[in-house]
Amino acid sequence: MTKDEFLNKLNEALRGLSLNERQDILQDYQEHFVIGLEEGKTEAEIAERLGSPNSIAKELLASYHIERVEQSFTAGNIIRAIWAVIGLGFFNLIIVLGPFIAIVGVICTLWVASLGFTLAPLLVIFDFLVHTGTFEFFNLFVSIGLCGLGILLGLGMFFVTKVFTKGFIRYLKFNVSLVRGGLKHE
Amino acid sequence: MAKKLNVQFKKGVLELCVLVLLDKRDRYGYELVQKISDRIEISEGSVYPLLRRLTKEEYFTTYLKESTEGPSRKYYKLTEKGREYLNDLVNEWREFSNAVNQLIKEGVNSD
């Protein structure tokens, strides 16, 4: 591969990054080629030792998308980040997506439970309106108790969700720093 | 060296290598890559993403410096935060490698 081929391939693979960011990255590799050539290496040699532009790009993309998630935590950003980290290797499908789905499942369930508890008094009132005459104070008190519990659970879940999102971003970063991403020609 | 050591393992250590090389003086990217690849088999391109990441984590700052031959080069300089991180990593590494060496010694002797 020549220098231009290498840089073009890398540029191509980095689509999705801002122009600024891309130029900055390409500049580093440009510099690497220039110094290598000064030292009497050939373009092909240098490119060979650099490794595949695609796997370099994958790692850069993963870091970039994680950074985006940290800046604004939206569904779109988190999905792109997860996708980019998974792209680092098939293995990641299991160790990134697996825990994510499991924990998100648990968190969603608890949120639903919290909502259900909180709305319990409404059910009792609804029941009273539909089957008039079956009103029982016992139901009302239990439902009010559940409502309180639901609100507490909701507050708790608010913090749990926050901690989880922070932790998950760290986990993604840990993956980028450790998992594959092209040490020695895959 | 150590072709069989797996990739995850080497990649984790790469971070430590880069930080150590910048401890005594500032260096440019190419220089860092060569220093490491002289001793450890890596695909050289993966050092630059690492340098970017550590710069964003504020472990390094960068500056451009003219070179006598050719265009200016991007130098990396360790920050205070980076130095603290380096010390932590080095300590952890020492503990870890001592433990592994000890186990290897015992393993070899008992055979």
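Is Asp24(A) buried, partly exposed or exposed? With a relative accessible area of 33%, Asp24(A) is partly exposed, because the buried class ends under 20% and the exposed class begins over 50%. This residue offers a way into the contact between the two chains of what is a predicted model.

The side chain of Asp24(A) forms a salt bridge with that of Arg52(B), at 3.3 Å from N to O. The bridge crosses between chains, joining helix α2 of chain A to helix α3 of chain B, the latter made of residues 47-56. Arg52(B) counts as buried because its relative accessibility is 12%, under the 20% limit. The two residues also belong to a wider network of salt bridges, in which Glu21(A), Asp24(A), Glu67(A), Arg52(B) and Lys56(B) are linked. Over all chains, the structure holds 18 salt bridges.

Helix α2 of chain A, which spans residues 19-38, also carries Asp28(A). Asp28(A) is classed as buried because its relative accessibility is 3%. When neighbours within four places in sequence are set aside, the contacts of Asp28(A) are Tyr48(B), Arg52(B), Lys74(B) and Tyr76(B). Arg52(B) thus appears both in the salt bridge with Asp24(A) and among the contacts of Asp28(A).

The nonpolar interior can be considered next. The largest nonpolar core contains 46 residues, and Phe6(A), Leu10(A), Tyr29(A) and Phe60(B) have the most contacts inside it. Helix α1 of chain B, residues 7-24, supplies the largest share of this core, with eight residues. Tyr29(A), again with neighbours within four places in sequence left aside, touches residues of both chains: Phe6(A), Leu7(A), Leu10(A), Leu50(A) and Ile56(A) on one side, and Gly45(B), Tyr48(B) and Pro49(B) on the other. Tyr48(B) is accordingly a contact of Tyr29(A) and also of Asp28(A). Apart from this core lies another, of 19 residues, which includes Ala62(A), Ala84(A), Met157(A) and Ile169(A).

Chain B has four helices and three strands, which follow one another from the N terminus in the order α-β-α-α-β-β-α. Its C-alpha atoms occupy a box of roughly 60 × 30 × 20 Å along the principal axes. Of its 111 residues, 44% count as buried, and its accessible surface is about 6600 Å², with 52% belonging to carbon and sulfur atoms. Among contacts in chain B between residues at least 6 apart in sequence, 49% join residues at least 24 apart. Helix α2 of chain B, residues 29-37, is mostly covered, with eight of its nine residues buried; among them are Tyr30(B), Glu31(B), Leu32(B) and Gln34(B).

Two further salt bridges illustrate pairings within a chain. In chain A, the side chains of Glu70(A) and Lys173(A) meet at 3.2 Å, N to O. This pair links distant parts of the chain, 103 residues apart, with Glu70(A) in helix α4 (residues 53-71) and Lys173(A) in helix α8 (residues 137-178). Glu70(A) is partly exposed at 42% relative accessibility, and Lys173(A) is partly exposed at 26%. In chain B, Arg83(B) and Glu80(B) form a salt bridge at 4.0 Å, N to O. These residues are separated by about one helical turn because they stand three residues apart in helix α4 of chain B, residues 80-110. Arg83(B) is partly exposed, with a relative accessible area of 28%, whereas Glu80(B) is exposed at 53%.

On the surface, a nonpolar patch of about 810 Å² is formed by Leu115(A), Leu119(A), Leu122(A), Ile125(A), Phe126(A), Phe128(A), Leu129(A) and Val130(A). Helix α7 of chain A, residues 120-130, contributes the most to this patch, with six residues; Val130(A) is located in that helix. Elsewhere in chain A, helix α6 (residues 91-118) includes Ala113(A), which is partly exposed at 27% relative accessibility. Ala113(A) and Ala81(A) lie 32 residues apart in sequence and 29 Å apart in space, C-alpha to C-alpha.

A word on confidence concludes this account. Chain A has an average pLDDT of 85, and 91% of its residues score at least 70. Over residues 181-186 of chain A, however, the pLDDT is below 50, although this stretch has 23 contacts in the model beyond near neighbours in sequence. Where pLDDT is low, the predicted coordinates should not be read in detail.

Key: Residues are numbered from 1 along each chain as its sequence is written. Chains are lettered from A and ligands numbered from 1 in the order in which they are written. This is a predicted model: local features need pLDDT of at least 70, side-chain atom pairs count only at pLDDT 80 or more; totals for chains, interfaces and linings use all residues. Side-chain values use heavy atoms; hydrogens and water are left out. Patches are made of residues with over 30% relative accessible area and no salt bridge: like charges are joined within 9 Å, nonpolar side chains (Val, Leu, Ile, Met, Phe, Trp, Tyr) within 5 Å. Accessible areas come from the Shrake-Rupley method with a 1.4 Å probe; for residues, only the protein chains shown count as cover. Helices (H or I, at least four residues) and strands (E, at least two) are DSSP runs, numbered from the N terminus. A nonpolar core is a set of buried Ala, Val, Leu, Ile, Met, Phe, Trp, Tyr and Cys residues joined through side-chain atoms within 4.5 Å. Buried means under 20% relative accessible area, exposed over 50%, partly exposed in between (1.4 Å probe, protein chains only). Contact means heavy atoms within 4.5 Å. pLDDT is the predictor's confidence in each residue, from 0 to 100.
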